[in-house]
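User: Hello! I am new to this structure and would like to learn how to read it. Could you show me around?

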Amino acid sequence: RILRWAWRLTYLSAIAGMVYVGVGIYEAKHPDDQPDPDPSKKTLVILGTGWGSVSLLKKLDTENYNVVVISPRNYFLFTPLLPSCTTGTIEHRSIMEPVRNFLRHKKAAVKFYEAEATKIDYEKRVVYINDDSEIKGDMSQTVVPFDMLVVGVGAENATFGIPGVREHGLFLKEVGDAQAIRKRIMDCCETATFKDQSQDEIKRLLHMVVVGGGPTGVEFAGELQDFFQEDLRKWIPDIAGNFHVTLVEALPNVLPMFSKNLIEYTEKTFKEETISIRTKTMVKNVTDKYIEAESTKPDGSKVLEKIPYGLLVWATGNALRPVVKDLMMQIPAQKDSRRGLAVNEYLVVKGTENVWAVGDCAIANYAPTAQVASQEGAFLARLFNQMAKTEEIETQLLHLSDEQGKVPNGEPRNKIFADIKELQKRLRRVKQMGPFEYSHQGSLAYIGSEKAVADISWMTGNLASGGQLTYLFWRSAYLSMCFSTRNRVLVVMDWIKAKIFGRDVSRE
Ligand code: FAD
Ligand code: NAI
């Protein structure tokens with residue numbers, strides 16, 4: 001009997017799953033007809049198509065504004081699964097969602113320009129944009145005026161001016177970075193097996209160095225070691241004794257934002273996976289074949305050493321984009337801000353009235369994470385929807401007050417009076433919007449060999465867990481957070497494909 005019920009439940013879940021996928025596919029293919037943008041309305045320019053901007057666009061009622069989106073990337077990228085693309089566990093297109101797909105579903109049309117904002121002129125209220133793609137038309141630079149501006153351009157990779165990083169290291173922020181890493185891993189492996197390669201050169205080529213023990217570095221190191229254990233050593237047995245991953249971190253431990261026991265768990269797991277962790281080691285210089293790092297010994301003495309590498313992945317956090325730096329210089333209230341655009345509790349850029357900032361380029365006392373950026377974007381959507389409603393009610397009120405003076409005393413006048421009262425009540429309700437409050441759901445990171453660590457906010461406390469169950473939780477949490485049904489289906493298919501056939505080791 002229990003078996004029969006279990007079978008029915010499975011059957012029902014499968015049907016529900018198919019309906020869910022079906023509705024997702026139908027909605028993606030058949031958007032409603034959209035009215036054109038209305039230039040008589042205020043122009044809201046949104047920069048970027050990352051976590052902050054896309055979360056704003058998702059919830060924004062585009063009928064209220066003349067919305068223009070500008071970004072050099074015509075897709076949204078689900079960054080939490082980007083480390084998996086470096087080894088082919090997931091194909092990069094599975095975590096990309098073209099902005100055109102979801103903009104077509106908005107109530108009113110949104111203009112999208114694939115371009116980089118090169119300068120924001122705050123006084124003139126214009127953004128200078130430049131089409132930096134390979135194909136350029138007669139027009140590749142222009143100016144876009146705005147009434148309201150949202151800056152959601154994210155951040156670039158920090159190098160702290162260390163020589164050689166940009167020339168020889170690879171970053172892990174964009175799709176192109178993941179593709180470059182994947183190609184380089186395979187190139188190192190194939191070159192290491194070239195005829196008569198010397199032992200020292202084989203060792204160097206197969207030494208994979210990751211600088212930065214934050215979550216990007218840790219997740220990448222874990223993925224790379226998995227790739228070696230599960231696939232590379234089977235397909236290219238010659239490299240088995242020499243392939244080695246080293247994680248270099250300047251601080252005394254990795255993952256500083258996680259609780260102490262999870263840091264210890266991660267370090268223990270890396271040891272079991274034979275990933276070397278070099279803490280208290282600061283990279284000072286990078287050449288094409290080795291890095292120079294200064295490590296602090298237990299007695300406090302410092303030693304400078306050369307560490308040869310084949311692949312160098314540089315993951316030492318965020319730095320300001322030039323367009324953000326330039327905007328900060330135009331606004332006197334931003335002069336003391338160093339790490340990004342200082343914003344108030346409504347995410348308005350301090351010193352301005354009509355510029356807001358979200359995500360990694362804004363400094364609102366939260367860590368630069370996707371979680372923060374998406375909550376900020378959703379908050380701005382609510383704020384803008386509310387501002388539009390407020391304006392609409394205020395216009396109606398102005399009109400009714402005018403009417404009230406024109407009609408004689410008695411029934412019609414009383415009716416207008418009652419309408420005004422009702423509208424004033426609505427206006428008070430609409431205006432009741434509190435400031436932005438971030439709700440921390442927790443931190444998750446994959447650490448390799450099908451294990452993950454999680455610091456989850458639970459009731460009033462914190463739940464710290466690590467291991468294989470946490471890994472299942474990590475997978476389901478990120479799957480549910482993927483942008484669309486299409487992304488979810490593709491990611492699941494990639495996971496299954498990698499499990500059955502192994503990862504693809506072609507160099508392209
Ligand atoms: P982004 O998402 O970086 O988007 C910026 C957008 O601006 C992009 O579309 C870009 O093309 C565009 N842009 C850039 N320059 C310009 C310009 N000049 N003009 C116009 N547009 C421009 N956070 C988590 O919470 N959980 C995770 O698991 C997690 N994993 C991560 C894994 C990796 C590998 C990385 C790199 C980051 C991860 N993060 C994670 C952090 C998270 O991705 C960022 O905090 C988040 O992307 C910030 O969102 P954003 O909108 O500010 O910027
Ligand atoms: P990070 O800023 O978190 O960590 C960078 C690390 O590099 C620091 O620990 C720093 O001490 C180290 N470092 C800096 N210079 C160095 C040097 N010269 N030599 C050696 N070590 C050096 O950067 P990361 O990991 O790129 O993350 C950026 C943001 O994205 C963070 O806010 C992070 O929380 C978020 N993120 C979150 C993820 C998750 O929740 N799973 C995954 C990836 C990123």
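Analyst: Happily; we will look at the ligand's surroundings and then at one helix. Keep in mind that this is a predicted model.

User: Which residues come nearest to ligand 1?

Analyst: To read a binding site, start with the neighbours. Ligand 1 has 28 residues around it, and Gly52, Thr79, Ala117, Asp360 and Tyr478 come nearest. By class, this shell holds 13 nonpolar, 11 polar and 4 charged residues.

User: Which polar atoms lie by the oxygen atoms of ligand 1?

Analyst: Here we look for pairs of N or O atoms within 3.5 Å. The side chain of Thr79 has an N or O atom 2.6 Å from an oxygen of ligand 1. Two backbones take part as well: a backbone N or O atom of Gly52 is 2.8 Å from a ligand oxygen, and a polar backbone atom of Trp51 is 3.1 Å from one. As for cover, ligand 1 taken alone exposes 1000 Å², of which the protein buries 90%.

User: Which element gives the most residues to that shell?

Analyst: That is helix 11, with 3 residues.

User: Now for a helix. Which residues of helix 9 are buried?

Analyst: Buried means under 20% relative accessible area. In helix 9, that applies to Leu262, Ile263, Tyr265, Thr266, Thr269 and Phe270. They sit on the same side of the helix, because their arc around the axis is only 160°. On the face turned away from that buried side are the exposed residues Lys260, Lys271 and Glu272.

User: How does the span of helix 9 agree with what its residues should give?

Analyst: At 1.5 Å a residue, its 13 residues should span 18 Å, so the 19 Å between its end C-alpha atoms agrees.

Key
Residues numbered from 1 in each chain as written. Chains lettered and ligands numbered in written order. Predicted model: local features only at pLDDT ≥ 70, side-chain atom pairs only at ≥ 80, totals over all residues. Heavy atoms only, no water. Near = heavy atom within 4 Å. Polar contact = N/O pair within 3.5 Å; in protein donor to acceptor, adjacent residues only side chain to side chain. Areas by Shrake-Rupley, 256 points an atom, 1.4 Å probe, with all protein chains shown as cover. Helix = DSSP H or I, 4+ residues; strand = E, 2+ residues; numbered from the N terminus. Nonpolar A, V, L, I, M, F, W, Y, C, P; charged D, E, K, R; others polar. Expected span 1.5 Å × (residues − 1). Buried < 20%, exposed > 50% of the residue type's maximum accessible area, 1.4 Å probe, protein only. Arc of directions from axis to C-beta.
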